[in-house]
Amino acid sequence: MWFPEEYQVLHKNREDYAINNDSYESWWAVYNEEVEGKTQANYIKTEFLTSNPADESIHVEALFKRRFGLSIPNKIENSQTRIYYQSAYIYFKGTEKRVIVDKKKHIPNTYLAYVADKRSNKIVQISFDSSDKYKSGDEEKKQEWFLKMLKNIRFNEGK
């Protein structure tokens, strides 16, 4: 998997990394950058899981509905993987979660993907979250960057 070199995997007290045999692994990575004079934290959460391929549509729908309130994400397919992804601007008004999916109304600060291996029951769920909004014009670059990461996921055979 291609991974951006400026990110560092978090491992403080091993709370940000978990593994359970061959069926589950989860970790967080962070990159702090200066945007318009403020430090902005960018997080990538990655989960490697196994799942029944027959239930894929159910898992995809539930994941995107829970995070974005919509059940049909974008989809890319190649010879090895099926990639489902979506982005939105997420914020809270008090304790109520608000989601703006329309990129014309607001630049996304959250990206989510579900990548399924076509030859096995392995999947990867990746989310990218920024602690702040981006400058105008950054959305296209961020989406290309996120899709590059997704398209470069390769699952090992038999492992």
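**Exercise 1. Work out which strands flank β8, and how they pair with β8.**

Start with strand β6 (residues 81-93): over eight bridges, β6 runs antiparallel to β8. Strands here are DSSP runs of E, at least two residues long, helices are runs of H or I of at least four, and both are numbered from the N terminus; two strands pair if DSSP finds at least two bridges between them. For a register check, Thr-81 faces Asp-117 of β8.

Next, strand β9 (residues 122-130) pairs with β8, again antiparallel, over seven bridges. Here Val-115 is opposite Val-124, and a hairpin of four residues makes the link from β8 to β9.

A word on the source: this is a predicted model, where local features need pLDDT of at least 70, side-chain atom pairs need 80 or more, and totals for chains, interfaces and linings use all residues. Numbering starts from 1 along each chain as its sequence is written, and side-chain values use heavy atoms, without hydrogens and water.

**Exercise 2. Decide whether the faces of β8 are buried or exposed.**

Buried means under 20% relative accessible area, exposed over 50%, partly exposed in between (1.4 Å probe, protein chains only). In a regular strand, side chains alternate between the two sheet faces. On one side, Thr-110, Leu-112, Tyr-114 and Ala-116 are buried; on the other, so are Tyr-111, Ala-113, Val-115 and Asp-117. Eight of the eight residues are buried, so β8 is largely enclosed by the rest of the structure.
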